[in-house]
Amino acid sequence: MDLPGYYEFCCRVKIIAGHNALERIPGALVQLNAVRPMIITDKGVSGAGLINIVADAIKDGVTIGAIADDVPPDSDLRVVNRLARIYQEEGCDSLIAIGGGSVMDTAKGINIIVSEKADDLMKFSGGHILMRSLKPLIAVPTTAGTGSEVTMVAVIKDHERHQKMLFVSHFLFPDVSIVDSRMTLSLPPAITAATGMDALSHAVEAYTCLAKNPLSDAHALAAIKLISENLVNVVKNPGDRNGRLAMANAATLAGIAFSNSMVGMVHTLGHSAGSVCGVPHGVAMAILLPYGLEYNRHKNGHLTAELLLPLAGSEEYTGTLKEQRVDKVIAHIRQMNQELYDATGGRHARFFNEVLDRDGKQMVPREKLPDIAKTALGDGSIFYNPEDLDYDDFLMVLKAAWQA
C-alpha cells in the first residue's frame, strides 16, 4: 500500500440508502431546521414521473416552496442566477436536488448565491473561497454516475467564456444524500451505461492519482467491484432493483473517493470535450478512461495493475503474471465498453467519432480536437495527474480516442 506522508479525508454527507429511502426526507429536513425546500431538477426527471414519486413520499411532512425543472444537460451560469432569484422570491429555506450531475451542480451554485447573497457567482470559483456554511441541501441522485451527491465540487458552465468553471469547498457538500433504487429504474440503457462508466472513471482515477490515500482507496476499490459486477447486467436488465441499488451505492462510493483524492487527465479532457462540443460527461469518461490509463502507465502502472482484483476477481488476478496485470485492466475496461456498446445497440460510444447528437450528427468532428486540447490546458483537475501534459500530449490522447 502506498501511504502518503500527509493527506486529508472528509465526507460530511449523511447517506440514507435503500429501496424506500425517500420517505426519510421529511425527518432529514426537520433535523436541518428547514420547512420550505425548493426542488431543483430537469425535464427528463420530471417527465419520467420521478418528481411525483418524491412528492408522494414526502407529502405528509414537507411544504414545497417551488419546483424548477428546467436545468440543462450542462449546468449553466445563467440558469443558476435565474433559479436563485426564484428561490428568494418564493421564500424557500433549503434545496432538494433531484437528478444527475448537472442538477447537483446547479443546486450547489444556487446555494452559493442565496447563502452569500451574492450577485456574481464567479467570485467564488476556484478552491476553498467559501468561508461559511450554506443553506440546507438534500441530494437525490437519479443516475449512478457523477457522485455529486457526496462531493465538495461543482462544475458550472459559463457559456459566454465557453468554459466550465470549477468550485471546490467543504461547504459544498450536500447535508444529506438520499440513495433510493426507485430513482434510477427509468434511466435508459445508454445513459445507465455512460453514467456507470463515469463512476468507474472516478474510482479508477481516484485510486491511481497523486492525491490517493488509504481511506479514498477503500471507497474506490469497493466502487470498482460493484460496478464490474453489476453495470453490464443492469443495462441488459433495467428493472433489476438490487442491481440498480448496487450501482447507486457504487457511484456514491466513487464520489467519496473522488472528492478526497481528486482525479486527473481523464476528467480534464472530459470537461474540455463537454465545453467545446457538448459531449455528456459520462460518455467522455467511458471513451477516455483506457487511454488515460495507457498514457500514465509508466508512472502509475503498478497501481493500475492492482485494480485487476476488483475488476475481474481473484481467479484472474492470481492467474495473471504481475507484469501483465496492467494490460489486463485496460483490456477489461475496453471489453466493458464493448459489451455496453452491444447491449445498447451501438448507442454507447467507444470512441469520440461514435458520439452522435439527437439528429445523428457527429458531436466531435476531428477538426475540433485541437480546440479541446487547448481548453484542457486551463482545467485545474490536471494538477493531480501522475504525469505532466502539454498541448501536444492532450492532442495525442484525443486523436487516439477519436477512432480505433
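Colleague: Let's start with two paired strands: how many bridges join strand 7 to strand 8?

Modeller: Happy to help! This is a predicted model, in which local features need pLDDT of at least 70 and side-chain atom pairs count only at pLDDT 80 or more, while totals for chains, interfaces and linings use all residues. Residues are numbered from 1 along each chain as its sequence is written, and side-chain values use heavy atoms, leaving out hydrogens and water. Strand 8 covers residues 163-168 and runs antiparallel to strand 7 (strands, E, at least two residues, and helices, H or I, at least four, are DSSP runs numbered from the N terminus), and the number of bridges joining the two is 6.

Colleague: Which residue of strand 8 does A154 stand opposite?

Modeller: Strands count as paired if DSSP finds at least two bridges between them. In strand 8, the residue opposite A154 is F167.

Colleague: Which strands stand at the edges of the sheet?

Modeller: The sheet is open and mixed, with 3 strands in the order 5-8-7. Each edge strand has a single partner, so one side of it lacks a neighbour in the sheet; these are strand 5 (126-127) and strand 7 (153-158).

Colleague: Which helix packs on this sheet at about 90 degrees to strand 7?

Modeller: Angles run from 0 to 180 degrees between N-to-C directions, and axes are lines fitted to C-alpha atoms, for helices over the stretch in contact. The helix covers residues 101-116 and touches strand 7 and strand 8 (contact means heavy atoms within 4.5 Å): it is helix 5.

Colleague: How far apart are the axes of helix 6 and helix 8?

Modeller: Helix 6 (residues 189-208) and helix 8 (residues 241-261) pack at an angle of about 35 degrees. Their contact includes G196 and A199 of helix 6 and A251 and A254 of helix 8. The distance between the axes is 8 Å.

Colleague: Is H19 buried or exposed?

Modeller: H19 sits in the loop between strand 1 (14-18) and helix 1 (25-31). Buried means under 20% relative accessible area and exposed over 50%, with partly exposed in between (1.4 Å probe, protein chains only). At 26%, H19 is therefore partly exposed.

Colleague: Which side chain does the side chain of H19 join through a polar contact of 2.7 Å?

Modeller: A polar contact is a pair of N or O atoms within 3.5 Å; within protein, one must be able to donate a hydrogen and the other to accept it, and residues adjacent in sequence count only if both atoms are side-chain atoms. The side chain of H19 makes one of 3.1 Å with that of N242. The 2.7 Å contact joins H19 to S181.
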